[in-house]
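Colleague: Could you take me through one sheet in this model, close up? Then please place that sheet in the rest of the chain.

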Amino acid sequence: QVTGLALDGDAQLVAGTGRLIEPRHSGRISSARTASIQQDGTFTIRHVPTGNYILQILGDGPGRTGLFASTEVSVGETPVRVTLKASHGTSVEGRLASEGADQLTTLNSFRVTPTPLDDRARSEPRVVVLSTTEFFVTGLFGPTTFSLRGSSTDDWYLKSFTINGTDITD
């Protein structure tokens, strides 16, 4: 079995779910094993077969909702005990810039899409479009890639992708 304590900083989460999943690269497809987080922040997932898993916590702390944490666990003959500190994750804000004649129409056709790269990442980051050129992504955990999707015409290309002034275009 896997038992644990889910925290929001130093306080216990007061509600939520613990979810144990097999990593995608394991080659097996199985349903997640889940357990409710109790008001004292504890949870227990019973009858877990031997193997490697990703433990994800999604819950609510005192006055805060939508908290998340994940870790890798290896289950053997002895029970596993973990403590996870959940958070809201990180956020990314960005701006699209266009060169050319009809910049506003071009920018309206694009969307930035975050995609988790593995099971340690939260599967539902939130994208907020602030304006035609600005966006904000919250709830990011773990390795994530971003896609720029848009117009299917051949008259545009990605010129650069910069973070803090450094071009990271790949």
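**A sheet and its surroundings**

Modeller: Start with one pair: Arg95 has Glu134, in strand 12, as its bridge partner. This is a predicted model, in which local features need pLDDT of at least 70, side-chain atom pairs count only at pLDDT 80 or more, and totals for chains, interfaces and linings use all residues. Residues are numbered from 1 along each chain as its sequence is written, and side-chain values use heavy atoms, without hydrogens or water.

Strands here are DSSP runs of E with at least two residues, and helices are runs of H or I with at least four, both numbered from the N terminus. Strand 12 covers residues 134-140 and pairs with strand 9 in the antiparallel sense over five bridges. Two strands count as paired if DSSP finds at least two bridges between them. In general, strands of a sheet pair through backbone hydrogen bonds.

Now add the third strand. The order is 9-12-11, the sheet is open, and the pairing is antiparallel. Strand 9 (90-95) and strand 11 (126-129) are the edges. Each has a single partner strand, so one side of each has no neighbour in the sheet. On average, neighbouring strands are turned by 15° against each other, direction ignored. The angle is taken between lines fitted to C-alpha atoms; angles run from 0 to 180 degrees between N-to-C directions.

Next, step back. The protein has 15 strands and one helix. Buried residues (under 20% relative accessible area, 1.4 Å probe, protein chains only; exposed is over 50%, partly exposed in between) make up 31% of its 170 residues.

Some buried residues form nonpolar cores: Ala, Val, Leu, Ile, Met, Phe, Trp, Tyr and Cys joined through side-chain atoms within 4.5 Å. The largest core has 20 residues, and Leu20, Phe43, Leu55 and Ile57 touch the most other members. Strands 1 (2-8), 5 (42-45), 6 (51-61), 7 (64-75) and 8 (80-86) each give two or more residues to this core. Take Ile57: leaving out residues up to four places away in sequence, its contacts (heavy atoms within 4.5 Å) include Ala6, Phe43, Leu67 and Leu84. Another core lies apart from this one. That core has six residues, among them Leu96, Phe135, Val137 and Leu140.

Finally, look at a loop. His47 sits between strand 5 and strand 6. Its phi is positive, about 55°, although His47 is not a glycine. His47 counts as exposed because its relative accessibility is 70%.
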